[in-house]
Amino acid sequence: MDRKTFIKSIAVIGASPAFAASVPAKGADGKNKTKSESFGGGFVPSARIFKTGRAKLTIRPPEKYAGKLSSLSVSILYGDAAWDGKSDSFPWAKDFPAKYREENGAFAIDADFKKECRYTFVVKDKKRGGNESFVASVPVYALGEDIYALRPFKGDSHIHSTNSDGKNSPEEVALRCYEVGLDYQAISDHSVYSTSEDMKRKFSRFPTSMSFFNAEECHYSHAHIQNFGGSQSLTEYVKKNRGEFDALVAEIEKTLPADASAVVRRNVAVAEAEFDFIRRLGGIAVFNHPFWEAEPKKGKYTHMESRMLDLIAGRKKFDAYELVNSTCADIALARALCHYPRHCAGKPVIGCTDAHSVDSQGTGYTIVFAKSCDFPDIKDAVLGGKSLAVDAYSSHGSKLQRLAFGDERLVRFSYFLFDEYFPLHDELVAREGKLIKGALESGSKDYSEIAKAARAVEGLYESMLG
Ligand SMILES: [Zn+2]
Ligand SMILES: [Zn+2]
C-alpha cells in the first residue's frame, strides 16, 4: 500500500482495524469514545481542519436515521471552547442554523468559515427536547492559509540522561519520549553533546516518525545556554577556538553598561558569545530557564542576579527564550511570564521539561508549527515565531493542565489540538515506541510493524485536513 492510500485508510474514518480502536468520536456526552463504544452504525463524528472561507462537508447519519433525515437538524456553534454536548452549558458560543441539504442519504453542508476559530456541527433529533435531542457533533477548526500549510510537531529539546546528572540511561530517556507522545526529541546533557548523537545513531535503523536532534546545555556563563540543533558540540568548539571566543567576549564586554559589576559584565558577554557561536554551528541559541532559582545564592552570583538577567533578556541576543521549564518551581514560570512582555516580547518561545528523570518527561514541551519535522524546517519555524511553550504539568489536581504560551492564533488552535488531535496522536506515538522497544530488546530485524505505526503517526494530521 502506498503512503497516500495508507493514510486514507486510517485514523478519523477508522477504516483500518489496526488503528480504528482509538479513533476519537464524540458521543452523546461529548467525550471521546473508542470505536467499540460509539462506532456501531453511528455517525462518524471526526475532527476536521479547513481553510477559512467556503467549504463543503458531508455528515452521514446512523443507520437508524436512514430515510428519516428530515427528523434531524444540523446547527453550527462557534467559539473557542470544546462543546460538552449540552447546548445550555455553552453560552459563549453562537448557535445558528447551518445551510444544508439532503444528498444521497447524508447531510451536504455548505459552510462559510468566515473567522479563524473552532466550529462545532451539532446534529439533533427534532422530536426530542433539551439534552435528549443531541445525536452527534463534528468538531471543526478553520485556519488561515498560512497556518493551514503547516503541521504541528511536539518536542522536548531539554532533557538529561546519566551522561550528566540525569537518573535514566539515554535509551530510557529516548524511549520515554515516545511514551509521552513527542514528534522530536533532543537529549541535552550538561556540556555533553554526544548523548544526542548516540541516540540519533542508535534509532536511525528504525523507520520511525520521531526526529532526533542534537543538543547540549552549555555552561561557560552562569546563565545556562542551550545549543539546540547545532552541528557540533559548543563546549568542544569553544575549547578548540578559545582565542577567538575570548576576543569576542572582550568585544561584547565593551558594549555593556559601565555601571554593571565586573561579574555581571563578564557573564553577560560570555552568554552572548555562546549565542553567537551556537548560531555559527547552525543551532538555535536558547536562553534556558531564566528564573530557575527564586533568589541569587548567598555570596555567589547566579544568572538570577537581576542585573545579569535584565541585560541578557533585554539585549535579546538569543534566538529563543525557554518560557516553560516544567522542572522549575511554579514561581519560575510565573516570573518568566511577568518578565517576558517587558523584555522579550517578540522573541520566540520554547517549552521543555529539563527532565532529570523519565517521570518528569512529558510535563512540558514545545509545539512547533512547521513544514516538516526536519531540523531546518523546525528551526525556520521557531525563529519565525511559530512555536508555543506548553506547560502540561499533570499534578495540578485530577485534570491535566495544559497552558500554552506564544502567538495568540497558535494558542487558540492548540486548544483544539489538545482536545481533538493530540490524545490520539500521543497514543499512536506511544504504540510506535512500544514496537521499537520490543525490537531493541529482541534484536528483531523485521521493522515492518514499526514502519506501519510510524506512518499512522505521520498520516493522522493529514487525515483531518478538509
Ligand atoms: Zn540548566
Ligand atoms: Zn538542564
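Contact here means heavy atoms within 4.5 Å. In this predicted model, Phe413 is in contact with Ile49, Tyr141, Leu143, Ile147, Phe369 and Tyr461, once its neighbours within four places in sequence are left aside. Phe413 belongs to the largest nonpolar core, which holds 51 residues and in which Phe413, together with Ile49, Phe203 and Phe369, touches the most other members. Helix H14, spanning residues 422–442, supplies the largest share of this core, namely seven residues. Another core lies apart from it and comprises 43 residues, among them Cys218, Ala223, Ile278 and Phe318.

Six strands form an open sheet of mixed pairing, in which the order is E13-E12-E11-E19-E20-E21. Strands E13 and E21 are the edge strands, each of them pairing on one side only. Within this sheet, strand E11 (residues 151–159) pairs with E12 in the parallel sense over three bridges, and the bridge partner of Ile159 in E12 is Ile187. Between E11 and E12 the chain crosses through helix H5 (residues 170–179), and the resulting β-α-β crossover is right-handed. On passing to strand E13 (residues 211–212), E12 again runs parallel to its partner, to which it is joined by two bridges, with Tyr184 standing opposite Ser211. Strand E12 (residues 184–187) is covered on both faces, since Tyr184 and Ala186 on one side and Gln185 and Ile187 on the other are all buried. Elsewhere in the sheet, strand E19 (residues 364–370) and E20 pair in the antiparallel sense over five bridges, and Ile367 has Leu388 of E20 as its bridge partner.

The model also contains a pair of zinc ions, which lie 3.4 Å apart and are both coordinated by Glu217. For the zinc ion designated ligand 1, the protein donors are Glu217 through OE, His224 through ND1 and His289 through NE2, at 2.1 to 2.2 Å from the ion. The spacing of these donor residues in sequence is E-x6-H-x64-H. Distant parts of the chain are thereby linked, as Glu217 is found in strand E14 (residues 215–218) and His289 in the loop between strand E16 (284–287) and helix H10 (306–315), the two residues being 72 residues apart. With a relative accessible area of 1%, Glu217 falls under the 20% cut-off and is therefore buried; His289 likewise counts as buried, because its relative accessibility is 3%.

Two helices may be described in terms of their length and surroundings. Helix H9 (residues 262–280) has 19 residues and reaches 27 Å from its first C-alpha to its last, close to the 27 Å expected at 1.5 Å a residue; Gly282, which follows H9, has a positive phi near 85 degrees. Helix H11 (residues 330–343), with 14 residues, spans 20 Å between its first and last C-alpha atoms, close to the 20 Å expected at 1.5 Å a residue. In H11, the residues Ala332, Leu333, Ala336, His339, Tyr340 and His343 are buried, and the elements that cover the buried residues of H11 include helix H10 as well as strands E17 (320–325), E18 (349–352), E20 (387–391) and E21 (403–406). Strands E20 and E21, which thus contribute to the covering of H11, are also members of the six-stranded open sheet.

Methods: Residues numbered from 1 in each chain as written. Chains lettered and ligands numbered in written order. Predicted model: local features only at pLDDT ≥ 70, side-chain atom pairs only at ≥ 80, totals over all residues. Heavy atoms only, no water. Helix = DSSP H or I, 4+ residues; strand = E, 2+ residues; numbered from the N terminus. Expected span 1.5 Å × (residues − 1). Buried < 20%, exposed > 50% of the residue type's maximum accessible area, 1.4 Å probe, protein only. Pairing = 2+ DSSP bridges. Right-handed = clockwise from strand over helix to strand, strands pointing away. Donors = N, O, S within 2.8 Å, 3.2 Å for Na, K, Ca; no water. Core = buried A, V, L, I, M, F, W, Y, C linked by side-chain atoms within 4.5 Å.
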